[in-house]
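Had a look at the model you sent over. Here are my notes, informal as usual.

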Amino acid sequence: MTLIIIVILLIIAGIVWYLTKPRPRCPECNSRNVKMFSQEPLSSRYFEYPSGGPGGGGGAMQLVYKAKFRCRDCQKVWEKEITETN
Ligand SMILES: [Zn+2]
């Protein structure tokens, strides 16, 4: 019985994660049926934790890139800057 409950909880967690995941929307028709077709790196920098991260000080790489999207519904193409921290 316990196993079934764990599986159900995992499925619910997966659905919540899928629904809250930030997904791009078309600025023209508000559709979520968009596709990222190009990624162009703009800059990257090393980001240091102010008060020593896990393992006594550390940092993360921050990558800024320009992504191009196309809407599958109205064929609109637009660009967006995305910052990713690793
Ligand atoms: Zn659109």
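The points below go from the sheet as a whole down to one residue.

1. First, a reminder that this is a predicted model, so read the points below with that in mind.

2. What is the strand order in the sheet? The sheet is open and has three strands, arranged β1-β2-β3, and the pairing is antiparallel. β1 and β3 sit at the edges with a single partner strand each, so each has one side without a neighbour in the sheet. Ignoring direction, neighbouring strands are turned against each other by 15° on average.

3. On the β1 side, strand β1 (residues 34-48) and strand β2 (residues 59-71) run antiparallel and are joined by 13 bridges. If you want a spot to look at there, E40 stands opposite K66 in β2. β1 is also hardly covered: of its 15 residues, the count of buried ones is one.

4. On the other side, β2 pairs with β3 over nine bridges, again in the antiparallel sense. Here V64 is the residue that stands opposite T83 in β3.

5. Now T83 itself, which belongs to strand β3 (residues 77-85). Is T83 buried or exposed? T83 counts as exposed because 10 other C-beta atoms lie within 10 Å, and the cut-off for exposed is 12 or fewer.

6. Which residues does T83 touch, once neighbours within four places in sequence are set aside? The contacts are Q62 and V64, and V64 is also the residue opposite T83 in the strand pairing. As for S43, T83 is 40 residues away in sequence, while the C-alpha to C-alpha distance is 9.5 Å.

Conventions: Residues are numbered from 1 along each chain as its sequence is written. This is a predicted model: local features need pLDDT of at least 70, side-chain atom pairs count only at pLDDT 80 or more; totals for chains, interfaces and linings use all residues. Helices (H or I, at least four residues) and strands (E, at least two) are DSSP runs, numbered from the N terminus. A residue is buried if 20 or more other C-beta atoms lie within 10 Å of its own, exposed if 12 or fewer, and partly exposed in between; C-beta atoms are placed from the backbone. Two residues are in contact if their C-beta atoms, placed from the backbone, lie within 7 Å. Two strands pair if DSSP finds at least two bridges between them. Axes are lines fitted to C-alpha atoms, for helices over the stretch in contact, and angles run from 0 to 180 degrees between N-to-C directions.
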